[in-house]
Amino acid sequence: MINPHQTLFDDAQRIVFLTGAGVSTASGIPDFRSASGLYNQNVRAEEYLSHHFWVQHPDVFYDYCQENLYFPEAQPNVIHVKQAAFTQQNRATIVTQNIDNLYEAADAHHLINFHGNLYDLYCTKCQQAISYAEYQTTRLHQVDGGEIRPRIVLYDEPIPSQAAQAAVQAVTQADLVVIVGTSMRVYPFAGLLDYVSQETPVIVVNQEPLTLSRATLDYIGDATTYFASLQV
Ligand SMILES: [Zn+2]
């Protein structure tokens, strides 16, 4: 197919991609919000992935993450690759809710990991960076017994101010905004749309139409098809 929005991309210099789980499902990473609990089918991901749960049950948190979040074999797909290509031309910024490291694997520049990165691991006792290989074998730092955790934003934790400010600046200056693979229902990420100028076109690429506070240009369907047809 010919991408229906090719001209908009061709004319844009400050594109912002606002992305979520739907970008990585084609790489085999399921949306963890729909994953079932390991120990109790009634416990939701939001409960497991909270700071208070991690403090109370670090062993369960660890098992949950290993089982549901980490897919080290996953590779970037055409959506990551095309978006990364725009960033490499200094024409785009990616603001993603994904924590899977696939934009890094696609060599994206101008990347804002709004919710952190699963592979950015550290010991909470001595703050030392820990490799994923070590975390795979143990949740405790060998040196001091400290709990290791990923630098991801848990449900009861705030967005790091640097990421939040950078994201707001990017959307404020955007001349094209492209929402991909996210329902835009999780705040404060969803609130980024409020900073987009009324003159800036907003494209939605998603499996279902979204109900947003402003008019959008919609592509309802498979995002891999959409990005495969897009010329960078
Ligand atoms: Zn330590």
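Two strands count as paired when DSSP finds at least two bridges between them. Strands 7 and 8 of this predicted model run parallel and are joined by four bridges.

**View A. The six-stranded open sheet, with its strands in the order 3-2-1-7-8-9.**
Pairing in this sheet is parallel. Follow the order from end to end and you begin and finish at an edge: strand 3 (111-113) and strand 9 (217-220) each pair on one side only. Neighbouring strands are turned by 15° against each other on average, with direction ignored. Where strand 7 meets strand 8, Ile179 has Val204 of strand 8 as its bridge partner. As general background, strands of a sheet pair through backbone hydrogen bonds, in either a parallel or an antiparallel way.

**View B. Strand 1 (residues 15-19), mostly covered.**
Have a look at the side chains here: five of the five residues in strand 1 are buried. One side carries Ile15, Phe17 and Thr19, the other Val16 and Leu18, and both faces are covered. Strand 1 pairs with strand 2 (residues 92-96) in the parallel sense over five bridges, and five bridges also join strand 1 to strand 7 (residues 176-180), again running parallel. Thr19 is a handy landmark for this view, standing opposite Thr96 in strand 2 and opposite Val180 in strand 7.

**View C. The three-stranded open sheet, in the order 5-4-6.**
In this sheet the pairing is antiparallel. Its edge strands are strand 5 (129-130) and strand 6 (148-152), each of which pairs on one side only. Strand 4 (residues 116-123) and strand 6 share five bridges in the antiparallel sense. To find your way between these two strands, look for Leu121, which stands opposite Pro150 in strand 6.

**View D. The zinc ion and its donors.**
Which atoms coordinate the zinc ion? They are SG of Cys123, SG of Cys126, ND1 of His141 and, entered twice, OD of Asp144, at 2.1 to 2.5 Å. Along the sequence, the donor residues follow the spacing C-x2-C-x14-H-x2-D. His141 counts as buried because its relative accessibility is 3%, under the 20% cut-off. Asp144 has a relative accessibility of 23%, so this residue counts as partly exposed.

**View E. The largest pocket, with about 650 Å³ of space.**
The lining of this pocket has 32 residues, and those closest to its centre are Gly20, Ala21, Gly22, Asp31 and Gly181. Strand 8 (202-206) and helix 9 (223-228) are the elements that give two or more residues to the lining. For anyone thinking about its chemical character, the lining residues divide into 12 nonpolar, 14 polar and six charged.

**View F. Backbone details in three loops.**
A cis peptide bond joins Tyr187 and Pro188, with omega about 10°. Pro188 sits in the loop between strand 7 and strand 8.

Two asparagines are also worth a look. Asn90, in the loop between helix 5 (78-88) and strand 2, has a positive phi of about 60° although it is not a glycine. Asn101, found in the loop between strand 2 and helix 6 (102-105), also has a positive phi, near 75°. Is each of them buried or exposed? Asn90 is exposed, with a relative accessible area of 55%, while Asn101 is partly exposed at 26%.

Terms used
Residues are numbered from 1 along each chain as its sequence is written. This is a predicted model: local features need pLDDT of at least 70, side-chain atom pairs count only at pLDDT 80 or more; totals for chains, interfaces and linings use all residues. Side-chain values use heavy atoms; hydrogens and water are left out. Buried means under 20% relative accessible area, exposed over 50%, partly exposed in between (1.4 Å probe, protein chains only). Donors are N, O and S atoms within 2.8 Å of the metal (3.2 Å for Na, K and Ca); water is not among the atoms, so sites may look incomplete. On a 1 Å grid over the protein atoms alone, a cavity is a set of points where a 1.4 Å probe fits but cannot get out, and a pocket is an open set with protein on both sides within 12 Å along at least five of seven lines; lining residues have an atom within 4 Å of a point. Grid points are joined across faces, edges and corners, and a volume is the space filled by probe spheres set on the points. Ala, Val, Leu, Ile, Met, Phe, Trp, Tyr, Cys and Pro count as nonpolar, Asp, Glu, Lys and Arg as charged, and the others, Gly among them, as polar. Axes are lines fitted to C-alpha atoms, for helices over the stretch in contact, and angles run from 0 to 180 degrees between N-to-C directions.
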